[in-house]
Amino acid sequence: MEIFLNIMEIFLNIVVPVLIVAVLAALFAFCLSFLGDKLAVERDPKIDEIEHNLSGANCGGCGYAGCSQFAEALFKGEADISRCNPTPPDNKKAIAKILGMDAFESEATVAVVHCAGGNRAADKYAYQGFGDCKAAELLAGGSKACEYGCMGMCSCVSACGYNSVKICKDTGASVVDKTSCTSCGNCISSCPKGIIGRIPKSARVYIACSSHAKGKDVMSVCKVGCIACGKCERTCPEGAIKIENNLPVIDYEKCVSCGKCVECCPRKCILFHGE
């Protein structure tokens, strides 16, 4: 009799609770499955088509968490195709067609570092800390005497997922390899100085300076900084260069890449890109 009571006690204390938990788990699973089917939000197949045509880089350069989220935003009309630079033009045209838009026309771009100073620019102090450009920027705006100067501490190099940004051995400043750059924008957003921008991929020349300081002040801190002498503006046969706020600005719709601005620049701050 005692053995029977012990078996019953074990059954009530162990087996029954386990059975109850198993039954409840099965019930909850059924309810979740049932409700999941009933409450599921239908995903328009066009979103999958759009995502299929995107680059798939999931780089975040468009401002969204990934290509899937960006595809949904495009479908809803909350974003523009041009925000995804890694996606090839033909794919963008396909997306425009899916969305019922006019044909998308946009020239491919590449990133450029608008500074060639590096070790040719003066330091205002010797940085002994750890980290990248963002960390150095926290200490009095960085180590360079030029407030626009590239510090060469690799924030952009680390941000690039395509190994397209490197530190130039000769200058100590960042440079972009136009052959592998997808223009995703990660290097642009990573630069605390804001000196990385985009130019048309077909362009041969770019301004390798970002300083808006006056010529005398530039010369005191950098050997290759633009002094806004205006030679490039006067020399350009197409009128494609204008001095604005002490810095040349190239109108790439007018520029024919003749290179005369590169040849005439006394400070050598207008450069050929990728040559």
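This report describes a predicted model of a protein, from its overall make-up to two of its helices and an aromatic pair.

## Overall make-up

The protein has 275 residues, and 37% of them count as buried. Ten helices and eight strands make up its list of secondary-structure elements.

About 15900 Å² of the protein is exposed. Carbon and sulfur atoms supply 58% of that area. Contacts also reach across the sequence. Among those between residues at least 6 apart, 57% join residues at least 24 apart.

## Helix H2

Helix H2 spans residues 45-53. Its buried residues are Ile47, Ile50 and Asn53. Seen down the axis of H2, these residues fall within an arc of 125°, so they line one face of the helix. The other side of H2 looks outward: Pro45 and His52 are exposed there.

The N-terminal end of H2 has a cap, and Asp44 provides it. A side-chain oxygen of Asp44 lies 2.8 Å from the backbone nitrogen of Lys46.

The buried residues of H2 have two helices as packing partners. One is H3, residues 67-76. The other is H4, residues 89-98.

## Helix H4

H4 has its own set of buried residues: Lys92, Ile95, Ala96 and Ile98. They cover an arc of only 160° around the axis, which puts them on the same side of H4. A lysine is part of this buried set, namely Lys92. Another lysine, Lys97, is exposed. Lys97 sits with Asp90, also exposed, on the face of H4 turned away from the buried side.

What covers the buried residues of H4? The cover includes H2 and H3. The packing between H2 and H4 can thus be described from either helix: buried residues of H2 pack against H4, and H2 is part of what covers the buried residues of H4.

After H4 comes Gly100. Its phi is positive, near 75°.

## The aromatic pair

How many aromatic pairs does a search of the whole structure find? It finds one. The rings of Tyr64 and Phe70 have centres 5.7 Å apart and planes at 45°, so the pair counts as tilted. An angle under 30 degrees would count as stacked, and one over 60 as edge-to-face.

Are Tyr64 and Phe70 buried or exposed? Both residues are buried. Phe70 lies within the residue range of H3, 67-76, the helix that packs against the buried residues of H2 and helps cover those of H4.

Methods
Residues numbered from 1 in each chain as written. Predicted model: local features only at pLDDT ≥ 70, side-chain atom pairs only at ≥ 80, totals over all residues. Heavy atoms only, no water. Buried < 20%, exposed > 50% of the residue type's maximum accessible area, 1.4 Å probe, protein only. Helix = DSSP H or I, 4+ residues; strand = E, 2+ residues; numbered from the N terminus. Arc of directions from axis to C-beta. Contact = heavy atoms within 4.5 Å. Polar contact = N/O pair within 3.5 Å; in protein donor to acceptor, adjacent residues only side chain to side chain. Areas by Shrake-Rupley, 256 points an atom, 1.4 Å probe, with all protein chains shown as cover. Phe/Tyr/Trp six-rings, centres within 6.5 Å; stacked < 30°, edge-to-face > 60°.
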